[in-house]
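Colleague: I'd like to go through this model with you and ask why things get the labels they do. Can we take the terms one by one?

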Amino acid sequence: RDNFMNVVVDALSERLKIIGFDADDVDFGEWAWDMWKANRMDHVQVVIHTEAIMVGDSYVLCDWDQQKERPRWTHQPAEMIIPHYGETNREIDWASKKWIQKRLGAEPETRLNLYYPDRVEKYLASGGVWKRHQDEMDEGWPVPWLDRDGQPLGIPLVHFRNRPMGGDFGQSEIINVIPMQDLLNKSLIDLTMILDTLAFPQRYTLNVNHGSSRLDILPGSVTEFHSEYDGGSVGQWNAANVDGPLRAIEELVAHIAGTTRTPQHLFQVVGGMPSGESLKVSESGLVNKAKQRMVNFGNSWEDCLMMAGRIQNAFGTTVVDLDDVMLESTWDDPETRNEQAHMESLKAKAELGVSKHQIFRELGYTQEQIDQMDADGVTERQQETNIGAEILRNFQAGEI
């Protein structure tokens, strides 16, 4: 078994990395990035993107962390969640989460949560019947999900879909090539059988008694045959040619690469890695796929932030201004770059007036690193000003 599906999934997910958020409101942009860091999304985003690409869907639950007193994001495995979309607006009307809860020293319990825009209903399976359930921190049943004005906060589950194609659910990136993977594994088994039985010369004797009558195929063994005819002989069958199965495996890898638009050099390096323009051409399909996912996944991350803002205003002590907020996710460059050409391109953009922050983002710096560079720049300018003022004072005092 040689699993190339990991390559198909990882090649795409590795090129999907959020590095910041652009907002017309600077304060909201800073709050959004603080939210991102507080929930350790540098790691969680990899899990969510990978799952969505692999199985088609992934989910983030937005709720309030009472201990840390801030909005919380948690990844929810796709097999636990069912979103129910409205036929008219194509938005989630309500969603369900079903899972097995295991606690130390207790029997496993089957749980069910129903998420509505204004409430959360919790159930526990008991004797084959769903019964109402309250967790320790719940003040009642159902749990209200309202803002300070009593208005619904909205569905707290955000759906990440890979290639939804207008349906309720996304599509797995590997669903169409799993049969090719199965055939490739079958070809590997054929190759192994050939190597086990026919990859070495096999000797035989005819009417020559050497004390063995077994049909043996081990290396160095001799198979003995007898017939009614006179005369004896010794011979050898040559080793089998394995070029056919090897070519079949290579062709299957090429088909998997072509069907998924994954560069073949990521599966196996044949004749060296491509470089320059050849690398750019070979990765164009994968880069385009990544850019398409950035649009869809980026909208979902923006929905997460807007939901987190509403939760902050409903349960927190500070208020986030959400009026007419325009928010956009910023992604790392999905292309494998020629560094010299990339730097020349960024220099040209700077001369055309592209902002310094945008140049830094395209260089791959996170928003936190950009903010730190701004702070370092302010400190350095203050130090230079202080040094200049000290030199001037010394000059006026006649010490220079």
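**Labels and cut-offs**

Modeller: Let's start with rings: F21, W33, W36, W73, F160, F297 and W301 are joined into a cluster by ring pairs. Keep in mind that this is a predicted model, where local features need pLDDT of at least 70 and side-chain atom pairs count only at pLDDT 80 or more, while totals for chains, interfaces and linings use all residues. Residues are numbered from 1 along each chain as its sequence is written, and side-chain values use heavy atoms, with hydrogens and water left out.

Colleague: What makes two rings a pair?

Modeller: Rings of Phe, Tyr and Trp (its six-membered ring) pair if their centres lie within 6.5 Å; planes under 30 degrees apart are stacked, over 60 edge-to-face, and the rest tilted. That rule gives 14 aromatic pairs here.

Colleague: Why is the pair of F4 and F267 called tilted?

Modeller: The centres of F4 and F267 are 5.6 Å apart, with 55° between the planes. Since 55° is neither under 30 nor over 60, "tilted" is the label left. F4 sits in the segment before α1 (5-13) and F267 in the loop between α5 (243-260) and α6 (276-282), so the pair links parts of the chain 263 residues apart. Helices here are DSSP runs of H or I with at least four residues, strands are runs of E with at least two, and both are numbered from the N terminus. F4 and F267 are both buried, meaning under 20% relative accessible area; exposed is over 50%, and partly exposed in between (1.4 Å probe, protein chains only).

Colleague: And what makes Y123 and W141 edge-to-face?

Modeller: Their planes are 80° apart, which is over 60, and the centres are 5.5 Å apart, within the limit for a pair. Y123 is in strand β7 (residues 119-126) and W141 in the loop between β8 (129-132) and β9 (143-144), so this pair ties together parts 18 residues apart in sequence.

Colleague: Is Y123 buried or exposed, and what about W141?

Modeller: Y123 has a relative accessible area of 17%, so it counts as buried. W141 comes to 22%, so it is partly exposed.

Colleague: How do you know that V253 is buried?

Modeller: Its relative accessibility is 1%, so it falls on the buried side of the cut-off. V253 is in helix α5. Leaving aside neighbours within four places in sequence, V253 is in contact (heavy atoms within 4.5 Å) with F4, L184, F267 and Q268. F4 and F267 are the tilted pair again.

Colleague: What makes R72 and D63 a salt bridge?

Modeller: A salt bridge needs a side-chain nitrogen of Lys or Arg within 4 Å of a carboxyl oxygen of Asp or Glu. For R72 and D63 the closest N and O atoms are 2.9 Å apart, so the pair qualifies. R72 is partly exposed at 28%, whereas D63 is buried at 18%. The structure holds 16 salt bridges.

Colleague: Where do E173 and R293 lie in the chain?

Modeller: They form a salt bridge at 3.1 Å, N to O. E173 is in the loop between β10 (157-161) and α4 (178-197), and R293 is in helix α7 (residues 284-315), 120 residues apart. E173, at 11%, is buried, and R293, at 5%, is buried as well.

Colleague: How far apart in sequence are D190 and K186?

Modeller: They are four residues apart in helix α4, which means about one helical turn separates them. Their side chains meet in a salt bridge at 2.8 Å, N to O. D190 is partly exposed at 30%, and so is K186 at 45%.

Colleague: How do you know that the length of helix α3 agrees with what it should span?

Modeller: The expected span is 1.5 Å times one less than the number of residues. For the 15 residues of α3 (residues 41-55) that gives 21 Å, and the end C-alpha atoms are 20 Å apart, so the two agree. After α3 comes G56, with a positive phi near 110°.

Colleague: What share of the chain counts as buried?

Modeller: Of its 400 residues, 40% count as buried. The chain has 10 helices and 14 strands.
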